[in-house]
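Hi,

Here is the structure we talked about, for you to open and look around in. My notes on what turned up are underneath.

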Amino acid sequence: PKSLDKLKTVIKYVENHYAEPLSIETMAEICGFSQSHFMKFFKNNMGISFIEYLNFYRLTMAARLLLASGSSIMAIAMECGFDSPSYFNRSFKKKYGMTPREYRTQF
C-alpha cells in the first residue's frame, strides 16, 4: 500500500537526518501531504505524534552514543539534534528514568 511506503520514507528520512532540525512542514512535503494531514497520517499509523517519534529516536541514538563514545554529554545532545541541554536532560530522564550522566556511569 502507498501509505506504508510513505511511512517507510518518513522513518528512513528520520534515520538519515535525525541530527538536523526536522519540521512537520518538511516531513509533510516529503509525503506530499498538508501539515495537518501528515500529522494525522503519522499518528494514525504509528500511535504517537511525529515529534514524539523523532524525540524517541534521537534519545535512543543519544543513549547509544553515551555508552559507545567518550564525547561530552553536551556534544552528544547536539549531535543527536537537541539544541537545548536542559530539554535533552529532561527528555532523557523521562525516557530512561535517569540523567544521561547516570546512564553513562551505570552501564
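**What I found**

Starting with the fold as a whole: residues 24 or more positions apart make up 54% of the protein chain's contacts with a separation of 6 or more. Please keep in mind that this is a predicted model.

The protein chain has seven helices and zero strands, so if you read from the N terminus the order is simply α-α-α-α-α-α-α. Along the principal axes, the C-alpha atoms fit a box of roughly 45 × 25 × 20 Å. The chain has 107 residues, and 36% of them count as buried. Its accessible surface is about 6,500 Å², with 56% of that belonging to carbon and sulfur atoms.

On charges, there are 14 positive and 9 negative ones in the protein chain, and their mean positions lie 6 Å apart.

Now the aromatics, where I spent most of my time. The structure holds 14 aromatic pairs. Take F82 and Y87: their ring centres are 6.1 Å apart with 45° between the planes, and the pair is tilted. The tilted label applies because 45° is neither under 30 degrees nor over 60. How buried or exposed are the two partners? F82 is buried, with a relative accessible area of 2%, while Y87 is partly exposed at 34%.

F92 and Y103 are another pair to look at, this one edge-to-face, at 5.3 Å centre to centre and 80° between the planes. The pair links distant parts of the chain: F92 sits in helix α6 (residues 85-96) and Y103 in helix α7 (residues 100-106), eleven residues apart. Both partners fall under the 20% cut-off, so both count as buried. F92 has a relative accessibility of 0%, and the value for Y103 is 11%.

Which residues make up the aromatic cluster? It is formed by F82, Y87, F88, F92, Y96, Y103 and F107. The two pairs above, F82 with Y87 and F92 with Y103, are made of members of this one cluster.

One last thing to click on is a charge over a ring: K95 lies over the face of F56, at 3.7 Å from the ring centre. K95 belongs to the stretch covered by helix α6, residues 85-96, as does F92.

If you only have a minute, go to the F92 and Y103 pair and then to K95 over F56.

Cheers

Technical notes. Residues numbered from 1 in each chain as written. Predicted model: local features only at pLDDT ≥ 70, side-chain atom pairs only at ≥ 80, totals over all residues. Heavy atoms only, no water. Helix = DSSP H or I, 4+ residues; strand = E, 2+ residues; numbered from the N terminus. Buried < 20%, exposed > 50% of the residue type's maximum accessible area, 1.4 Å probe, protein only. Contact = heavy atoms within 4.5 Å. Areas by Shrake-Rupley, 256 points an atom, 1.4 Å probe, with all protein chains shown as cover. Lys, Arg positive; Asp, Glu negative; His and termini not counted. Charge placed at Lys NZ, Arg CZ, Asp CG, Glu CD. Phe/Tyr/Trp six-rings, centres within 6.5 Å; stacked < 30°, edge-to-face > 60°. Lys NZ or Arg CZ within 6 Å of the ring centre and 35° of its normal.
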